[in-house]
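Here is a short set of questions and answers about a protein. Look at the sequence and the structure, then read on.

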Amino acid sequence: MISTINRLQDALSDAGQSSLQLPQIAVVGSQSCGKSSVLENFVGRDFLPRGSGIVTRRPLILQLHHADAEYGEFLHCRGKKFTDFEEIRQEIEAETRRITGSNKGISPIPINLRIYSPNVLNLTLVDLPGITKVPVGDQPRDIEYQIRDMIMQYICQKNCLILAVTPANTDLANSDALKLAKDVDPQGQRTIGVITMLDLMDKGTDAREILENRLLPLRRGYIGLVNRSQKDIDGKKDIQAALIAEKNFFLSHPSYRDMSNRMGTPYLQRRLNQQLTKHIRDSLPALHSQLQCQLASISKEVETYKLYDSDDAIGRTKALIKLVQHLAGDVEKLIEGSADEVDTVSLSGGARINRIFHERFPYELLKMKCDESKLRQEIAYAIRNIHGVRTGLFTPDMAFQAIVKKQISQLKVPCFEFVDMVSKELVSTVYECINKLSSFPKLRDEIERIVTTEIGEQESTCRNQISLLIDMQLAYINTNHEDFIGFAHAQNTCNRSDNKTVAGSGPQQVIHRGWLTVTNISIIAKDYWFVLTAESLCWFKDDEETEKRYMLLLDNLKIRDVDKGFMSSKFAFALFNTESRNVYKDHRFLELSCNSQEELDSWKSSMLRAGIYPEEVAVHTLDNGAPQKFTDPQLERQVETIRNLVVSYMSIMHKTVKDLMPKAIMHLMINSVKEFISSELLAQLYAVGDCSALMDESPEQRQRRQKVLSIHAALKAALTIIGEISTSNHSSPLNHSQSRTQSCSTTLPKKVTASKSRTRGRAPPIPIHADPSGRGPACVPRRPAPAIPASTK
């Protein structure tokens, strides 16, 4: 199991995939607590850097492998075997300085070291920098927090066992290692306590209460050790001799004699091997699922990278064709509304163009509606100028022709603005698709240039065609149109101001619903639910529409824009009465606001449908500043007749323009651009010249592709490694007594379970008591049967 995790760790480290939480043991402790001595005792060799202050400045992932030969290997020096452990120490120091420099700074980038030896059990540990309080020398002032953050990155992982090392000559309640472990493992499920330097305690004192797990209990208990002193280290005392001295210490000490079989470095190594093996076995299903999820998340991206080979000219050409085809499909889907990923946050692509067709353009068209006073004044001037020095007896149709042509000519302005709005939105939509080609900057820039040029040409063509359509309307004024009222009907029609009827809808049909903020009727702006019909504007407390706050009739209401405040993020408009009456209680106008430009345009369009038109321009006056008044009753009747004719004909023109403009733009610009991208763009790219150069990857993309492919290979290798694990894998064998205990603990429960039915009504089965050492259940032998007297025989 441990060897498998080591292989997984190597495979994922090669791909830089460190986010996967592999089962491991992290060694945590303060400076000079004996962490390095514990690890060296495991190996039986001196190989870790020594000194004062922070010595371990990078995490050391130490993988111990049981083997016949004895040597070490570094992951950054693959293939090189270190048989001299002094060279291993020097390599660790050199690799540490390479990343952190010569000062006492730290780095979270780990060093991977594998040691093969016949004296070790399979084990993987992470030696972390010792916890410090005060910066030394040129260390950063926040060195304490840097070390804590690094330690937390490891011990916060649920798959990490914590080896909390604490010297026996310090108060356990002040242990930095146990405090950090308690923060991330409050129940003590993952923490193994190690008490070092038991031989340095004051005479008359011992750590028995701690080792018996009674002072600060941990689920996995505590193990005591005796480390080599600094004098022993300086004198190059043999570690094997130190291990013998440690064993003799526990056997001879009166406080630890009865628990000596559960103390010492050999027992700690076996215990860690057993705990880590069990922990790995429990973590493998979740680890397998996590690997599969990560593999599935990048599989789609990997498929796209496999289609491209930077060294194959034919492959580059195929990739270019596929990219152009994908671009054409993306543009088509985004405009037609069938994209693979639907945006649920805001409008995009074809939806934004549709909003311009049916909300923005009708609103801009109606804003061109001329002021009534100005219209009558122009008609009067036209009639009088046509009559000249004579007094006319009949209404001249030339005046109607002159006014209508002028009104029709003015339609070019909103139509051209309409083309501009659609063109900008089309460019934005196409750019959104082109930006997906950011992996190939040259290709993206070239496509952007070609498509932008094509959109500009189609926009110019569209402008010319729209101008031609307006000129066609100017060429012939069709007074025989079926919707035109005619002269006879115009003379008998009164001046009606009711233009508020919504076509095809009853008076109570709802035109629009939504939230709006009322900003000017109270100190605090409030949100209400508004309902607009053909006759009224009502607002309610909420969208249940059960508690109505007010109903505002639409008679004589008009709408005007409100400037956006400096600190406001709202989009506002105002309703007011043309007869200078209060709109709501004592307020002359009602200021409303919404959260986005899309909502504002939608409300304005709905207001137009309900007959609430934009604010008109000021009344035109004569040269002396007085409003125009007609003193001749005959002229006034002629003006009113021409006015009715103009309004009728312009209503027909507005309907025609609102119907034709979206069709013309769709045909001449949008569909033409889509057709160009799908059928002519590739030929334009080939006409540029060297198409192979267009497929050059950006440095970032090349790095990204290599990284993703390496991660994909590493994840597949990791899944293969896990798949090779057999359920028969076990940890390394322990000593004879532990093997016998483990055998009893695994076989006896089955016998007891199987015999439940047979022992019903008899004495209960012999219980299995927990071993206080923490090694698992122990077998309790049956009490020997009493001797039977001879007479009874």
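Rings of Phe, Tyr and Trp (its six-membered ring) pair if their centres lie within 6.5 Å; planes under 30 degrees apart count as stacked, over 60 as edge-to-face and the rest as tilted. This is a predicted model: local features need pLDDT of at least 70, side-chain atom pairs count only at pLDDT 80 or more, and totals for chains, interfaces and linings use all residues. Residues are numbered from 1 along each chain as its sequence is written, and side-chain values use heavy atoms, without hydrogens and water.

Q: Which residues do ring pairs link into a cluster with Phe 530?
A: The structure holds 16 aromatic pairs. Ring pairs build a cluster from Phe 530 and three partners: Trp 539, Tyr 550 and Tyr 584.

Q: How many residues apart in sequence are the parts that Phe 400 and Tyr 649 tie together?
A: Phe 400 and Tyr 649 pair edge-to-face, 6.1 Å centre to centre. Helices are DSSP runs of H or I, at least four residues, numbered from the N terminus. Phe 400 lies in helix H13 (residues 397–410) and Tyr 649 in helix H18 (residues 633–679), so the pair joins parts whose separation in sequence is 249 residues.

Q: Is Asn 556 buried or exposed, or partly exposed?
A: Buried means under 20% relative accessible area, exposed over 50%, and partly exposed in between (1.4 Å probe, protein chains only). Asn 556 has a positive phi, near 60 degrees. Its relative accessibility is 28%, so Asn 556 counts as partly exposed.

Conventions: Helix = DSSP H or I, 4+ residues; strand = E, 2+ residues; numbered from the N terminus.
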